[in-house]
Amino acid sequence: MVEGREYRTMRFDSDVGKHGDTGTSEAEVIRAVLDGRADAGAIGSPFWKAVRSERLVPEGALTEIWTSPPYNHCMFTARPDLDPSLERRFAEALSGMSYDNPSHRAVLDAEGLRRWVAPHLDGYQALQEASARQGFFKRPTADSAEA
């Protein structure tokens, strides 16, 4: 499917400027499908499980039509010039978090984790292929737009 020809994307940018859209976007996706503004939507599996287990929508009102292969949902990226020692210290700080420590637990719970694990790029193939088909990697970036 090609965006703009076979479908139109709706964005729900409720927390832009913070660190991504982590606030209410998944609830907004559900509302858009339920009220007919959207034919389909994409949400994360933890939210979908909560929708079903807590019966947040009427029985049968929504149907799961596709599930991605498993992947690590929270990965960090950095500029190519990041000091390797700083990168190492950051990774050590994350991997040193313990769910048994109450101050660590709050962070881990917020991400739906019991512990941080080393990143794995497997599971992203379908996303990479879809992005390539949509021409996502050929779109101007902020750097090229400034040039």
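Two aromatic pairs are present in the structure, which is a predicted model. In one of them, the ring centres of Phe76 and Phe90 are separated by 5.1 Å and the ring planes meet at 85°, so the arrangement is edge-to-face. An angle over 60 degrees is what that class requires. Phe76 belongs to the loop between helix 2 (45-53) and helix 3 (84-95), whereas Phe90 sits in helix 3 itself; the pair therefore ties together parts that lie 14 residues apart in sequence. Both rings belong to residues that count as partly exposed: the relative accessibility is 49% for Phe76 and 42% for Phe90.

Phe76 also forms an aromatic pair with Trp116. Here the distance from centre to centre is 5.6 Å, and the angle of 50° between the planes makes the pair tilted. Distant parts of the chain are linked by this contact, since Phe76 lies in the loop between helix 2 and helix 3 while Trp116 lies in the loop between helix 4 (102-110) and helix 5 (125-133), 40 residues apart. Trp116 has a relative accessible area of 13% and is therefore buried, the limit for that class being under 20%. Phe76, in contrast, is partly exposed at 49%.

Through these ring pairs, Phe76, Phe90 and Trp116 are joined into a cluster. Within this cluster, Phe76 pairs edge-to-face with Phe90 and in a tilted arrangement with Trp116.

Methods:
Residues are numbered from 1 along each chain as its sequence is written. This is a predicted model: local features need pLDDT of at least 70, side-chain atom pairs count only at pLDDT 80 or more; totals for chains, interfaces and linings use all residues. Side-chain values use heavy atoms; hydrogens and water are left out. Rings of Phe, Tyr and Trp (its six-membered ring) pair if their centres lie within 6.5 Å; planes under 30 degrees apart count as stacked, over 60 as edge-to-face and the rest as tilted. Helices (H or I, at least four residues) and strands (E, at least two) are DSSP runs, numbered from the N terminus. Buried means under 20% relative accessible area, exposed over 50%, partly exposed in between (1.4 Å probe, protein chains only).
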